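Biologist: I would like to learn how to read a structure like this one. Could we take a few features in turn?

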Amino acid sequence: MASLPLQFPIPSEASLQSKIPTSSLTLSRIPSRVSLNSSSSPTKTSQNQRGLIENVHLVSLSKQGMLTEALEFLNEMDTAGVFVNTRSYECILDMCGKMKSVSNGRIIHERIKRTVENPSGFLWNSLFRMYCDCCCFDDAKKLFNKMLSRDPDSWRILLSAYTQNALFDEALRLFSEMHMLGSKYHSVVYSTLLRATSDPQYMELGKQIHSHLIRNLSNSDMFIDSTLFHMYLKCGCLYSSKLLFDRMTEKNVVNWTELMVAYTQENKQKEALALFGTMLEEGVQLDEFVFSIALKACSTRNDFDTGRQIHGHIIKCGLESNVSTGTPIVDLYVKCGCLEDALLAFQRIVDPNDVSWSAIMSGYSQYGKFEECLCTFKNLRSSGMDLNSFIYTSIFHVCSAIADPNLGTQVHADAIKSGLVSDLYGESALISMYSRSGKLDYAHRAFNSIHQPDTVAWTAIISSYAYHGRASEALELFKRMQKYGARPNAVTFIGVFTACSHSGLVREAQDYMNSMSSMYGVDPIIDHYNGMVDIYSRAGQLEEALKLIQSMPFEPDVMSWKSLLGGCWIHKNVELGKMSAENLLQLDPDDTAGYILLFNLYASSGKWEEAANIRKVMAERDLKKEVGCSWLVDRGKVHRFIVGDRHHPQTEEIYTKLEQLNLSTMGNEDKPSYDEHALYSLPAKREEQLLEHSERLAIAFGLISSHAKTPVLIFKNLRACVDCHEFAKCVSKITGREIVIRDSNRFHHFKSGMCSCNDYW
DNA sequence: GTAGGGTTAG
């Protein structure tokens, strides 16, 4: 039979889709049917060609998501009596599902019922899939129950819809139904279903399905292998996963990455990196995901050298500027203490995202680059970039370090507005921020707002009270924490020891030290022993402190000796102090604080020659003590003072006030001692300088600038000086004002001539 | 028309 010549060549469907300007196309502009030679009788070919262009056009409209136009065109085709083929229906239903337009899908469903006799299994499945894609599971199930010829695809479509929408119980019920009916299923059904069991709560079921597939499936494939491997990993069965992984005939980079992630989550960074090494040996194609997890393993274990090698590898692969690899490189350098390298790596990222910014901001906040951190934050905010809760946590850290409660409160409000303070990280950072800014009540409020505080949150509030010298409340919170089922960790015990230390609770601290490991399962580390040394030393039990240093299961470090030296200074034990200082300076010959403590010890014991010698050694080594600086925040502005400072615009008023205060407190204070401020001064000059110490200037300014009922809140970078501590006590008595000073160690709350530390610090 | 991965904080 000769084929009939067409009047024009029929283009391929694909080329038509790109050529036809679909939106304005109507039946009047394209032939409603391909013209055939009228004298010829219809043949099979001619039947197939009838309405072909219209159907192609309908498919084209559907694929472009122009559902309204497609429906209109469908009506025009009806009017013109053009046959709508199954393929067109499938396409339009597919788009209805993708666009979740169940109303249009229902119109098509009705049309099919009216116009299509005996719809094929394919068409039924298309309809069915449309309802599934639109999440209309009731309609889908109704249709499913009506379907006479459910094929394996029908089951799979519904099963897949259930798993994709996390309706795992329904998925498992359906599978059970399939099983009861003895339906045939192949690997696709298993891999779809296993998705539902990749959760610890379904692990047993997952195992059953695994054994089911072993019995019913003759050949496994990479989907099954991969899904089973994934399922066991997600259920926490690393060992089983590894067995499956080793047996997999075909492994790809995703499988390797998953296993590495599992190792890092179990704190097995070394194993993760070993896997990475094997990947390199086996020549697996690497991508940004696997690099990022390898870098994370390095940063977590502070493995700078391996991290640097991986960085080199990334450069070779040309992925250095990629945000997914560039960001963990930044984090690696931040964690390894190389802020400069981190900045360089950051600058190389072509399009840094919020994660990249939070990584670099965390670096800024950790390395004291507070101004840079705040400035970056302001710029990001005004640029409209998406911020995340990590960024806010870093900013809370900065606010707490610079002790600016106003800024902290503003950022807090901002974070609430952005909805980014809702997780425990942010909340715990908030507790610390408020407490370190002198607002213990706000800190407690932040703690109370946490629905279920975890160990870190409890630790933050315990440490806050400890830091403010409120030992009994801190220890009470420690008890409550256990009642609520939160398990203390090593950091919690640091808070507990801080509380005991600031209040001289030697017995209690001993009890905690002895029960840490047995009762709480926390093995003491050197920081805990040093805490105990500090507690003995402050309490004057210097021999006990020394005994502990000598008997503890760690080599004493700088902190161990410094704590003992501090105690020797307080309790004027020159011999032991000298020995502690020698040990301390042997470990770190440049420890300025160690020299200053020893100098003060000599000076306060009248050993001027030895004191002068310390000063000489320091000068020879070019060691200068950090300049004492006190500051306070008034109406959002930070006012800083150093000793004898005359730069403040209100200097006149400040000094007048200070003179007045010095006169009224004179005689009320204890006899002046010697402290770090006095190191390079002669005794007479020293006393003169004492009257202009930074704390006193800050107190004077605080009194004249703030409201009479509000406490004067002052921050100092060094430890509070004994004389100024006395001064603050007197001022609080004479003026009736409450004064709060945060020094480098803790908070002092002065009220009516008393300090919350009871002169014990 | 099935499965699956990463990086930032207290």
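Modeller: Start with a pair of helices, and keep in mind that this model is predicted. Helix H20 (residues 339–348) and helix H21 (residues 354–366) have axes that come within 10 Å and cross at roughly 160°.

Biologist: What does an angle of roughly 160° make of H20 and H21?

Modeller: Angles over 145 degrees count as roughly antiparallel. H20 is therefore roughly antiparallel to H21. Their crossing is left-handed.

Biologist: Which residues make the contact between H20 and H21?

Modeller: From H20 come Leu339, Ala342, Leu343 and Phe346, and from H21 come Ser356, Trp357, Ile360, Gly363 and Tyr364. Sorted by class, the contact of H20 with H21 has 7 nonpolar residues, 2 polar ones and no charged ones.

Biologist: How are H11 and H13 placed, parallel or antiparallel?

Modeller: Read the angle before the label. H11 and H13 pack at about 20°, and their axes are 9 Å apart. Angles under 35 degrees count as roughly parallel, so H11 and H13 are roughly parallel to each other. H11 passes H13 in a left-handed crossing.

Biologist: Which residues of H11 and H13 meet?

Modeller: Ser187, Tyr190, Ser191 and Leu194 are on the H11 side, and they meet Phe223, Ile224, Thr227, Leu228 and Met231 of H13. The contact of H11 with H13 divides into 6 nonpolar and 3 polar residues, with no charged ones.

Biologist: At what angle do helix H37 and helix H40 pack?

Modeller: Helix H37 (residues 651–665) packs against helix H40 (residues 722–735) at about 95°, with the two axes 10 Å apart. The range for roughly perpendicular is 65 to 115 degrees, which means that H37 is roughly perpendicular to H40. The residues in contact are Leu658, Leu661, Asn662, Ser664 and Thr665 of H37, together with Phe727, Cys730, Val731, Ile734 and Thr735 of H40. By class, the contact of H37 with H40 has 6 nonpolar, 4 polar and no charged residues.

Biologist: Now the nucleic acid. How many residues surround DNA strand B?

Modeller: DNA strand B is surrounded by 41 residues, and the closest are Arg129, Phe223, Asn252, Ser324 and Ser358. The residues of this surface divide into 14 nonpolar, 16 polar and 11 charged.

Biologist: Which helices each supply at least two residues of the surface near DNA strand B?

Modeller: Among them are H11, H13, H21 and helix H25 (424–436). Two of the names have come up already: Phe223 is one of the closest residues to DNA strand B, and Phe223 in H13 also takes part in the contact with H11.

Biologist: Which parts of DNA strand B lie within 4 Å of the protein?

Modeller: Of the strand's atoms within 4 Å of the protein, 38% belong to sugar or phosphate, and the rest belong to bases. Some distances to base nitrogens can be listed. One is 3.2 Å from an N or O atom in the side chain of Asp94. For Ser428, an N or O atom of the side chain is 2.8 Å from a base nitrogen. With Leu424, a polar backbone atom is 3.1 Å from a base nitrogen.

Biologist: Last, the backbone. Where is Ala166 placed?

Modeller: Ala166 is in the loop between helix H9 (152–164) and helix H10 (168–181). Ala166 has a positive phi of about 60°, although it is not a glycine. Ser752, in the loop between strand S5 (747–751) and strand S6 (754–755), also has a positive phi, near 45°.

Key. Residues numbered from 1 in each chain as written. Chains lettered and ligands numbered in written order. Predicted model: local features only at pLDDT ≥ 70, side-chain atom pairs only at ≥ 80, totals over all residues. Heavy atoms only, no water. Axes fitted to C-alpha atoms, helices over the stretch in contact; angles between N-to-C directions. Helix = DSSP H or I, 4+ residues; strand = E, 2+ residues; numbered from the N terminus. Left-handed = near helix turned anticlockwise from the far one by under 90°. Contact = heavy atoms within 4.5 Å. Nonpolar A, V, L, I, M, F, W, Y, C, P; charged D, E, K, R; others polar. Near = heavy atom within 4 Å. Polar contact = N/O pair within 3.5 Å; in protein donor to acceptor, adjacent residues only side chain to side chain.
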